[in-house]
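Let's take a walk through this one together, beginning with charged side chains and ending in the interior. Keep the viewer open as you read.

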Amino acid sequence: MKNRALYLIFAAVLVLPFAITNVNFQHVMIMFLIFASLGESWNIITGFAGQTSFGHAAFFGIGAYTSTVLFYKFGVSPWVGMLLGAGIAAVVSVIVSYPCFRLRGHYFAIATLAVAEIIKQLFVSWDYVEGATGISIPVVEDSFIAMQFHGSKIPYFLIGFALFFLIVMVARSIEKSKMGFYLKAIRESHEAAEALGINPRKYKLLAMMISSALTALLGTLYAQYILYIDPFMVFSLEISMKIVLLSVLGGLGNIYGPIIGAAILIPLSEYTRVFLGGTGKGIDLMIYGALIVLIACFEPHGIIGLLKKRGKKRGALYAKTNA
Amino acid sequence: MLKVNKLTAGYDNVPVVFDVSLEVREGELVSVVGSNGAGKTTILRAISGLLKPISGSIEFMGKRIDKLPAHEIVKLGIAHVPEGRHIFGKMSVRDNLLMGAYAIEDDAEVNRLLDRVYEIFPVLKEREKQKGETMSGGEQQMLAIARALMAKPKLLLVDEMSLGLMPLMVDKALDVLKHVNKTGVAVLMVEQKVQEALEIADRGYILQTGKIVAQGTGQELLGSELVKQAYMGM
């Protein structure tokens, strides 16, 4: 039954931009796919394994920069750059996490935040990749290989959907696998997991690698969609925070969580930007912040927790009336 | 089977236990007793690899284990029931037990172990689908022991089992431990409840501020002046 809900979501998402052909709406759908997928990727290390990362923008940026630099300097297809970026992000995540996983709880979270800022600063002062000026991706004719489409947003949407589908399926299979089991045990009690023979470092590193590689894929899509990147955009704290907030709002450690969270936050931020322009900047985050406070106070398991509770109550009522 | 030799261990290089030597033989139930802060937990953590010893050696079945990481030590056959139980609260009872069999790859073997554990702890079978955190303290302690048994240990380390349990449950838990021991699993337990722990033990050690001050059979120790004066107020 649970699978049916998931496939319904996939079907609905896929159909929407064809039913509502408004360009603005299609843009919102693409951003939704990118951020829902980012939340799903982040959920693997934070939701499942309980290691809070405040620095996922680092991997997003690495993905964006790898494909962009390769295309800009050498004309390499962004598809190749996308895969390479995922690989580099995985390697960087291991280098960063190996020492950081000695830290527990808040200290790990702070370390990820610091590392992401350091990586941003490196790119700001790195002349080879145009430093703070950023890179405008050379515009070429519509082509699948160059991942550029100027006439319609639909191809970007379809690529985004494919990534979304892939990432949700990966997250789901991890959740259902033995590895997902071990990650949850580590989250629940690091000590007990270790005492039972689980090697926590191994599984945390594996989860981190998968999470960051998937995150990097979306960096490439984002860069190709916007056609311009600079370190302040793709390595920004705002992106790291959005990923965290939307997943927490939707429900941490649950594959539906980031989808629900992104479905609320992304339209909110995109439409307030459209309707209020520059003056409205930040209003989405204010509304969002208020939502988070409410959720944190009344339903720490996020919106999905709320839905589950209601489902249970209804189930209980149903059982009663049938008794 | 377990030989701890001149173990000094502690935290951040500040020793908590000094030159502790103790032994567990095949099939024995050994109690280490002492008051709060004596270093009992530190000894167990050093044996199971959760803490690296400062000096001294630990041998299990003739093999040095003091340099091995915790997850390797479990594979050799030492299971640790940590203080405060540390069950996985958000997981079902069954999943908690399955986690215990982490190192066992043969699924049929895991199912056999599960059946055996359910035989010893029928209450866990009843609560199979319930979340760990929704059980009472005593049941959680049973779950922690059962989970450790799922690893098919040759030696079970049990830390402060009586903590936070009502007296009736303490007796019950000790009975279970004795039963487990009779099935051939050696047990090393540390306890604050001196009398109860020595009564069921084949042998015991008394730990005071990080040093072993007396050892002998459970009965010998119970009869000793030291125990009578220091722990029973006689």
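Across all chains, a search of the whole structure turns up 14 salt bridges. Bear in mind as we go that this is a predicted model.

Let's look at a few of those pairs, starting in chain A. Glu188(A) and Arg187(A) join their side chains in a salt bridge, with 3.9 Å from N to O. How exposed is each partner? Glu188(A) has a relative accessibility of 24%, so it counts as partly exposed. Arg187(A) is also in the partly exposed class, because its relative accessibility is 34%.

Over in chain B, the side chains of Arg64(B) and Asp66(B) form a salt bridge at 2.8 Å, N to O. Here the two partners fall into separate classes: Arg64(B) is partly exposed at 47% relative accessible area, while Asp66(B) is buried at 5%. Buried means under 20%, with partly exposed running from there up to 50%.

Another chain B pair to pull up is Glu28(B) with Arg25(B), whose side chains meet in a salt bridge at 3.7 Å, N to O. Glu28(B) is at 9% relative accessibility, which means it counts as buried, whereas Arg25(B), at 41%, is partly exposed. This pair belongs to a wider arrangement: a network of salt bridges links Glu23(B), Arg25(B), Glu28(B) and Arg203(B).

Now for the place where the chains meet. How many residues of each chain are in contact? Chain B brings 18 residues and chain A brings 17. The size of an interface is often given as the accessible area lost when the parts come together. For chain B and chain A, the buried area is about 1,800 Å², and carbon and sulfur atoms give 66% of it.

What about salt bridges across this interface? The rule finds one. It is easy to pick out on screen: the side chains of Glu191(A) and Arg45(B) meet at 2.3 Å, N to O. Six residue pairs in polar contact are also found across the interface of chain B and chain A, with both residues at pLDDT 80 or more.

Turn to the side of chain B that touches chain A. Helix H2 (70-76) and helix H3 (93-100) of chain B each supply at least two of its residues, and the largest share, four residues, comes from H3(B). By type, this side of chain B divides into eight nonpolar, five polar and five charged residues.

From the interface, let's head into the interior. The largest nonpolar core has 102 residues, and the members that touch the most others are Phe32(A), Ile34(A), Tyr65(A) and Ile198(A). Helix H2 (residues 23-48) of chain A gives the most to this core, with 14 residues. Which residues does Phe32(A) touch, once those up to four places away in sequence are set aside? They are Val13(A), Ile259(A), Ala262(A), Ala263(A) and Ile266(A). There is also a second, separate core of 50 residues, and its members include Val81(B), Leu156(B), Leu165(B) and Ala173(B).

One last stop is a loop residue, Gln148(A), found between strand S1 (135-136) and helix H6 (154-176) of chain A. Buried or exposed? With a relative accessible area of 0%, Gln148(A) is buried. Leaving out neighbours within four places in sequence, its contacts include Phe71(A), Ile137(A), Pro138(A), Tyr156(A), Gln224(A) and Leu227(A). Also among them are Glu141(A), Asp142(A) and Ser143(A).

How values were computed:
Residues are numbered from 1 along each chain as its sequence is written. Chains are lettered from A and ligands numbered from 1 in the order in which they are written. This is a predicted model: local features need pLDDT of at least 70, side-chain atom pairs count only at pLDDT 80 or more; totals for chains, interfaces and linings use all residues. Side-chain values use heavy atoms; hydrogens and water are left out. A nonpolar core is a set of buried Ala, Val, Leu, Ile, Met, Phe, Trp, Tyr and Cys residues joined through side-chain atoms within 4.5 Å. Buried means under 20% relative accessible area, exposed over 50%, partly exposed in between (1.4 Å probe, protein chains only). Contact means heavy atoms within 4.5 Å. Buried area is the accessible area (1.4 Å probe) that two parts lose on being put together, summed over both. A salt bridge is a side-chain nitrogen of Lys or Arg within 4 Å of a carboxyl oxygen of Asp or Glu. A polar contact is a pair of N or O atoms within 3.5 Å; within protein, one must be able to donate a hydrogen and the other to accept it, and residues adjacent in sequence count only if both atoms are side-chain atoms. Ala, Val, Leu, Ile, Met, Phe, Trp, Tyr, Cys and Pro count as nonpolar, Asp, Glu, Lys and Arg as charged, and the others, Gly among them, as polar.
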